[in-house]
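Thanks for making time this morning. I would like to walk through a few residues that a database record singles out, and then turn to a pair of helices.

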Number of protein chains: 2
Amino acid sequence: MQDRIHTADAEPGDDATVAGWVHETRDLGGIAFLILRDSSGKIQIKFEKDEMDDDLVETGLNVARESVIKVSGAVEEEPRAPTGVEITPESVEVVAPADPELPLDPSGKVDADLSTRLDNRTLDLRKDEVQAIFEIRAEILRAVREQFRAFDCTEINTPKIVATGTEGGTELFPITYFGEEAFMNQSPQLFKQLIAGSNVERVFEIGPIFRAEEHNTPRHLNEATSIDFEGAFCDQNDAMDVVEGVVTAAYEAVQENCEDELETLGLEDEFGLEDDSFPRISYEDAIERINATGELDEQLVWGDDLSTEAEKALGDDVGGHYFITDWPSEIKPFYIKDHDDDEQLSTGFDLMHPRMELVSGGQREHRHEKLIEGFEQQGLDPDQFEYYTKMFKYGMPPHAGFGLGGERLVMTILGLDNIREAVLFPRDRQRLSP
Amino acid sequence: MQDRIHTADAEPGDDATVAGWVHETRDLGGIAFLILRDSSGKIQIKFEKDEMDDDLVETGLNVARESVIKVSGAVEEEPRAPTGVEITPESVEVVAPADPELPLDPSGKVDADLSTRLDNRTLDLRKDEVQAIFEIRAEILRAVREQFRAFDCTEINTPKIVATGTEGGTELFPITYFGEEAFMNQSPQLFKQLIAGSNVERVFEIGPIFRAEEHNTPRHLNEATSIDFEGAFCDQNDAMDVVEGVVTAAYEAVQENCEDELETLGLEDEFGLEDDSFPRISYEDAIERINATGELDEQLVWGDDLSTEAEKALGDDVGGHYFITDWPSEIKPFYIKDHDDDEQLSTGFDLMHPRMELVSGGQREHRHEKLIEGFEQQGLDPDQFEYYTKMFKYGMPPHAGFGLGGERLVMTILGLDNIREAVLFPRDRQRLSP
């Protein structure tokens, strides 16, 4: 099959073979045009009825849209063609005919709702703007990995089948593992810490996480891609530096390497990150600023978690990415370390985009005794986590890290309305297939 | 914490702060040495008892092995030190004391069985040779991704929670998904095909797969890392070209970028790939060659699957990687295309390492009617897979691809005895934790 070239590589003067999908046909009487589409773009195929073999014309003009065809012929300059060149075919072969009734119109002329699009993702991905999102998603992951390596991190893969969830039994999908009860992991948290406590020191992982949350919103998924970092001899400020590096690298890579895709999405002019470092606002200052906006019905007091409305008020006030640091210890999970001089105050931080939370991180509790206390305070049985806690008896260095939501990163970078736009086959309460 | 430098960066003449694990201490009377270890290597800390503060000497020499300490002092040349430099400490801080009774000896002087090592992976990973394996694993994945991008592939992530398994209900882990029955995916096969049928055309994914196989051997895992490729307008020969490119890239990257790790593993002299293209042996020729070795008790006949013994006989005969092509259709799954001129013969191929199978691939059946027939012949209900089959009605191009076992690739590249050596937290019938 590889005797074909991509349409984008067809140069005037060449004899070329191209293959792809029938994007549209226009019959103008004596002359007709077929637009053929492949991964690289589109090209016009010209049929001059009087000068061509009848069979050839018939094949080219009767083929249903979205069929796969293979065309050989001379490439010529043609300023009136959409890409400035056209092919006069010597042969046209229908490689895979399409049913004339399509459940979805890949030319985008007829709108489809998200559910229909997800049910027919193959057709949906034949739209330039949908393809662009996933090309950009891939570039973001590439850039993020490269940045982690620049930070001296080793890529790891941790298990997705686990005996106990990171934060106990809530929000876990149960699985049957050779007769035993097990779960799909909701976070690589405990495992990445176990590796950061070894010679490897700094690790990252990009992999699936599974959360049986009942939420059904435009920014929640039940299966998501988590971008995780953990580093020995790091504190929360080091971890925030890594967050800034990774998010900045993602924006820069898209800007530098995805010009065409940004143009397809209409984002070429407004694209970019406001700054490569983000304000670090303490929780205490955050609630003060939120109260000062007057946007909330009730004033926040120290110890309150931040509602979506509170986050929105602060996001509008700040106007870009920002960290919230020094959260009350009670709001943060057991593995987050408290400040040494104030046990009510944790080293936990979140990175917020004006529209939503992107990152949760902090320095970890590395002292065995304190860790066991933390389990108990959170109502978890430390014995169930002995595989994890026991390693803290053998020289666990101070360490810090974070988890960054992969789809949320794509969603905020591209300004998508729904997180399902950033994942090929989303999983939510209603959707298990395809 | 980041006022420390790595031990490998400590230069004579510097005042440096290093932090890491107490690898060993040697008390020679008037003088004593402590070897401190971090991710970059080791460094000697010298204690001259008469010339130093008693508290400092006591702290340094009473600290248990594998404790985490932080040391500041002058770096000096010392040819008798293991790395040619040593630090005379001005301060020693015990950051995280270790229990003197270790379940595993990271210095490697005392052997431990695999089970003890996996139960204490943090300590196990403090051994140079274990760390080396996982640094190399990360480099292999990096190189493989880069090679896929060179082949014009887009990285994708497909769902791990699915309504139906790739090959039906066998060998699947069941999960409960909001009250519905679902499964952990055993292969991205059907999903990557759905994407290859779109404008994206060529895709790769590196992600976890889950197989409820009862096997408990040194080369099977119940959760593994699959390296997947799928390309539109490709046939089985194109897919084999991609296999060769990816495997070659992995070997070359390790050779070029992991010199130290290869030396640690004692592989620096014998390392390398026999050739960058692998013989393509048809199934028919393969059984002839196996029969000719005389290694099997019974002669193989056309249609037999190849046992482990048969593979071993052929592997010894060939002496390196090789493909087996043109398998009998009956042995291969429904989604593998048959040869157009012989329906008994499939386009399926395997890449074999002399020790085991690494890759399974082939051209896919892209014709809707034939695909439905294939389901029925394999005793599967095509209705259950309608989310997949219906996309074949709308212009599915010819396409081909493969799946490569990530841990098997690491295992064969490094000559590891057990696949569990190539994965941080293996999952098998006996092991669900850590």
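Let me begin with A:Gly405, which has a relative accessibility of 22% and therefore counts as partly exposed, since that class begins where the buried one, under 20%, ends. Please keep in mind that this is a predicted model. A:Gly405 belongs to strand β18 of chain A, which covers residues 399–405, and, once its neighbours within four places in sequence are left aside, A:Gly405 is in contact with A:Thr225 and A:Leu358.

The reason for picking this glycine is that an unreviewed UniProt entry lists it under "binding site", together with residues including A:Arg211, A:His220, A:Glu357, A:Glu407 and A:Arg408. From that set, A:Glu407 is part of the lining of the largest cavity.

A:Glu357, also in the UniProt list, sits in strand β17 of chain A, residues 356–363. Is A:Glu357 buried or exposed? With a relative accessibility of 27%, A:Glu357 falls in between and counts as partly exposed. Leaving out neighbours within four places in sequence, A:Glu357 is in contact with A:Glu311, A:Asp350, A:Leu351, A:Met352 and A:Arg408, and A:Arg408 is itself named in the "binding site" record.

Now to the helices. In chain A, helix α6, residues 236–257, packs with helix α12, residues 406–414, at an angle of about 50°, their axes being 11 Å apart, and the two are therefore oblique to each other. Their contact is made by A:Val247, A:Ala250 and A:Tyr251 from α6(A), and by A:Leu409, A:Thr412 and A:Ile413 from α12(A).

Definitions and conventions:
Residues numbered from 1 in each chain as written. Chains lettered and ligands numbered in written order. Predicted model: local features only at pLDDT ≥ 70, side-chain atom pairs only at ≥ 80, totals over all residues. Heavy atoms only, no water. UniProt positions renumbered as here; feature names shortened; annotations may be inferred. 1 Å grid on protein atoms, 1.4 Å probe; cavity = no way out; pocket = protein on both sides within 12 Å on 5 of 7 lines; lining within 4 Å. Helix = DSSP H or I, 4+ residues; strand = E, 2+ residues; numbered from the N terminus. Buried < 20%, exposed > 50% of the residue type's maximum accessible area, 1.4 Å probe, protein only. Contact = heavy atoms within 4.5 Å. Axes fitted to C-alpha atoms, helices over the stretch in contact; angles between N-to-C directions. Parallel < 35°, antiparallel > 145°, perpendicular 65-115°, else oblique.
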